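User: Please take a close look at the interior of this model, beginning with any enclosed space and then moving on to the packing around it.

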Amino acid sequence: MICMAVDVTTEIVIGRPYERVAAYAGDPSNAPEWYANIVSVRWQTPPPVDVGSRLDFVARFLGRTLAYTYEVVEHGPHRLVMRTAQGPFPMETTYTWEPENESRTRMTLRNRGEPAGFARIAGPAMAAAMRRANEKDLARLKQILES
C-alpha cells in the first residue's frame, strides 16, 4: 500500500437535489467557476465525463502554477474519482454526493496524494492550505447552486 502524505476531506450540505449537484460539480468544465485556484480545464477526450476521460488542468496553488492531467477512474451517479496521469503532485480527487432528502445534498471532496518537490517540503502546511482552499471552493459551489 502506498502511503499518501496528504489526505484532506471536506464536506458541505447544499440545498439542491443530488442530481443537480452531481451534474454541475461532476462536470470538470465547470471547475474554473467554483474552484478559486483552477485557471483552466481542457478536454483531451470528448465530453461528457466518463471512465477514461482525460482532462488538462492548470491551477495556481501556494504561489505556483501547476499543470497536470486528470484521468477519470470511477464515475457513477453518487461518485466521481479522478487521478493525475502526470504532473508535479500525484493526486487523487474524489467527489461524493449523498442525498440528505429530496432537496438537500451532502457533497464530500477528498484530495489525497504524495507531494513531490516544493510540495513535499511544505509538509503539514500543504494539507492545511488545501483544506482551507477546499472549504472556500465548496462554499462557492454552494453559493452558485443555491442562487
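Analyst: In this predicted model, the largest cavity is lined by 30 residues, and those that lie nearest its centre are Y35, A59, Y68, Y70 and N111. Two or more lining residues come from each of α2, β3 (54-61), β4 (64-76), β5 (79-86), β6 (91-101) and α4, with α4 giving the most, namely five residues. By character, the lining divides into 21 nonpolar, seven polar and two charged residues. The volume of this largest cavity is about 420 Å³, and the count of cavities of 30 Å³ or more comes to one.

The nonpolar packing can be described next. The largest nonpolar core holds 38 residues, among which W34, Y95, W97, M107 and L141 touch the most other members. Helix α4 (residues 124-146) supplies the largest share of this core, seven residues. In soluble globular proteins, nonpolar side chains tend to be buried together. For L141, the contacts, leaving aside residues up to four places away in sequence, are with I14, Y24, A25, W34 and M107.

Y24, one of the residues touched by L141, also leads to a polar detail, since its backbone oxygen lies 3.0 Å from a polar atom of the side chain of N30. N30 itself is placed in the loop between α1 (18-25) and α2 (31-34), and it counts as buried because its relative accessibility is 13%, where the cut-off for buried is under 20%.

Technical notes: Residues numbered from 1 in each chain as written. Predicted model: local features only at pLDDT ≥ 70, side-chain atom pairs only at ≥ 80, totals over all residues. Heavy atoms only, no water. Helix = DSSP H or I, 4+ residues; strand = E, 2+ residues; numbered from the N terminus. Buried < 20%, exposed > 50% of the residue type's maximum accessible area, 1.4 Å probe, protein only. Polar contact = N/O pair within 3.5 Å; in protein donor to acceptor, adjacent residues only side chain to side chain. Core = buried A, V, L, I, M, F, W, Y, C linked by side-chain atoms within 4.5 Å. Contact = heavy atoms within 4.5 Å. 1 Å grid on protein atoms, 1.4 Å probe; cavity = no way out; pocket = protein on both sides within 12 Å on 5 of 7 lines; lining within 4 Å. Points joined across faces, edges and corners; volume = space filled by probe spheres on them. Nonpolar A, V, L, I, M, F, W, Y, C, P; charged D, E, K, R; others polar.
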